[in-house]
Amino acid sequence: GIGMADELGPNEQAIQRDLAALGKRDKELAKSGLAQMALTLARGLDSDSSLTSKAMASKALADTLGELRELAPAKKEDDKVDELGSRRKARRAKAAS
């Protein structure tokens, strides 16, 4: 809702950004139970829980994020060299015709 971002702790905000980026590659994965677990763990890190609890949550969150990244489709990299090569190839094809 409105003003909700102000109520979120820094870890939860960071995980929401990570999940938004993940959603560009795989919307369903970004809404999955695993994604929800990541948000819940981040909330735990932002809470007033004990240092031991936070350490355990940090480890679990790192593992969860790693699993989400492994499940996501490969990120398409915008390779400038490939882009320049494609342009050159198009120019040469146009010049040859």
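A residue counts as buried here when its relative accessible area is under 20%, as exposed when over 50%, and as partly exposed in between. By that yardstick, 24% of the 97 residues of the protein chain are buried. Keep in mind throughout that this is a predicted model.

**View 1. The whole chain is built from helices.** The protein chain has 6 helices and 0 strands. Reading along the sequence, you get the pattern α-α-α-α-α-α. Take the contacts in the protein chain with a separation of 6 or more: 60% of them join residues that sit 24 or more positions apart. The views that follow pick out some of the places where parts of the chain meet.

**View 2. The largest nonpolar core draws on several helices.** This core has 17 residues. Those with the most contacts inside it are Ile15, Leu19, Leu22, Ala38, Leu61, Leu65 and Leu68. Which helices each supply at least two residues of this core? They are α2, α3 (27–30), α4 (33–46) and α5. The largest share, 7 residues, comes from α4. Leu65 is a handy residue to zoom in on, being one of those with the most contacts inside the core. Setting aside neighbours within four places in sequence, Leu65 is in contact with Ile15, Asp18 and Ala38. Two of these partners, Ile15 and Ala38, are also on the list of core residues with the most contacts.

**View 3. Thr64 is a buried residue in helix α5.** You'll find Thr64 in helix α5. Is Thr64 buried or exposed? With a relative accessible area of 5%, Thr64 is buried, since anything under 20% falls in that class. Not counting residues up to four places away in sequence, Thr64 touches Leu34, Met37, Ala38 and Leu41. For a backbone yardstick, look at Ala35: the C-alpha atoms of Thr64 and Ala35 are separated by 8.0 Å, and the two residues are 29 residues apart along the chain.

**View 4. Arg43 and Glu12 form one of the salt bridges.** The structure holds 3 salt bridges in total. As a reminder of the chemistry, side chains of opposite charge can pair when their charged atoms come close. In this view the side chains of Arg43 and Glu12 meet, at 2.8 Å from N to O. Arg43 is in helix α4 and Glu12 in helix α2, so the pair links distant parts of the chain, 31 residues apart. The two ends sit in different surroundings as far as accessibility goes: Arg43 is partly exposed at 37% relative accessible area, whereas Glu12 counts as buried at 6%.

**View 5. Arg69 and Asp18 form a salt bridge between helices α5 and α2.** Here the side chains of Arg69 and Asp18 meet at 3.7 Å, N to O. Arg69 lies in helix α5 and Asp18 in helix α2, so the pair ties together parts that are 51 residues apart in sequence. Asp18 counts as partly exposed, with 33% relative accessibility. Both Arg69 and Asp18 turn up again in View 7, among the residues that line the largest pocket.

**View 6. Lys59 and Asp63 pair up within one helix.** The closest N and O atoms of this salt bridge are 2.9 Å apart. Lys59 and Asp63 both lie in helix α5, 4 residues apart, which is about one turn of the helix. Lys59 counts as exposed, at 51% relative accessibility, while Asp63 counts as partly exposed at 42%.

**View 7. The largest pocket has a lining of nonpolar and charged residues.** Its volume is about 190 Å³. The lining is made of Asp18, Leu19, Ala21, Leu22, Lys24, Arg25, Leu65, Leu68, Arg69 and Lys75. How do these lining residues divide by type? There are 5 nonpolar, no polar and 5 charged. Helices α2 (10–23) and α5 (51–71) each supply at least two residues of the lining. It is α2 that gives the most, with 4 residues.

**View 8. Ser47 sits in the loop between α4 and α5.** Ser47 is found in that loop and is partly exposed, with a relative accessible area of 28%. The C-alpha atoms of Ser47 and Asn11 are separated by 9.9 Å, with the two residues 36 residues apart along the chain.

Definitions and conventions
Residues are numbered from 1 along each chain as its sequence is written. This is a predicted model: local features need pLDDT of at least 70, side-chain atom pairs count only at pLDDT 80 or more; totals for chains, interfaces and linings use all residues. Side-chain values use heavy atoms; hydrogens and water are left out. On a 1 Å grid over the protein atoms alone, a cavity is a set of points where a 1.4 Å probe fits but cannot get out, and a pocket is an open set with protein on both sides within 12 Å along at least five of seven lines; lining residues have an atom within 4 Å of a point. Grid points are joined across faces, edges and corners, and a volume is the space filled by probe spheres set on the points. Ala, Val, Leu, Ile, Met, Phe, Trp, Tyr, Cys and Pro count as nonpolar, Asp, Glu, Lys and Arg as charged, and the others, Gly among them, as polar. A nonpolar core is a set of buried Ala, Val, Leu, Ile, Met, Phe, Trp, Tyr and Cys residues joined through side-chain atoms within 4.5 Å. Buried means under 20% relative accessible area, exposed over 50%, partly exposed in between (1.4 Å probe, protein chains only). Contact means heavy atoms within 4.5 Å. A salt bridge is a side-chain nitrogen of Lys or Arg within 4 Å of a carboxyl oxygen of Asp or Glu.
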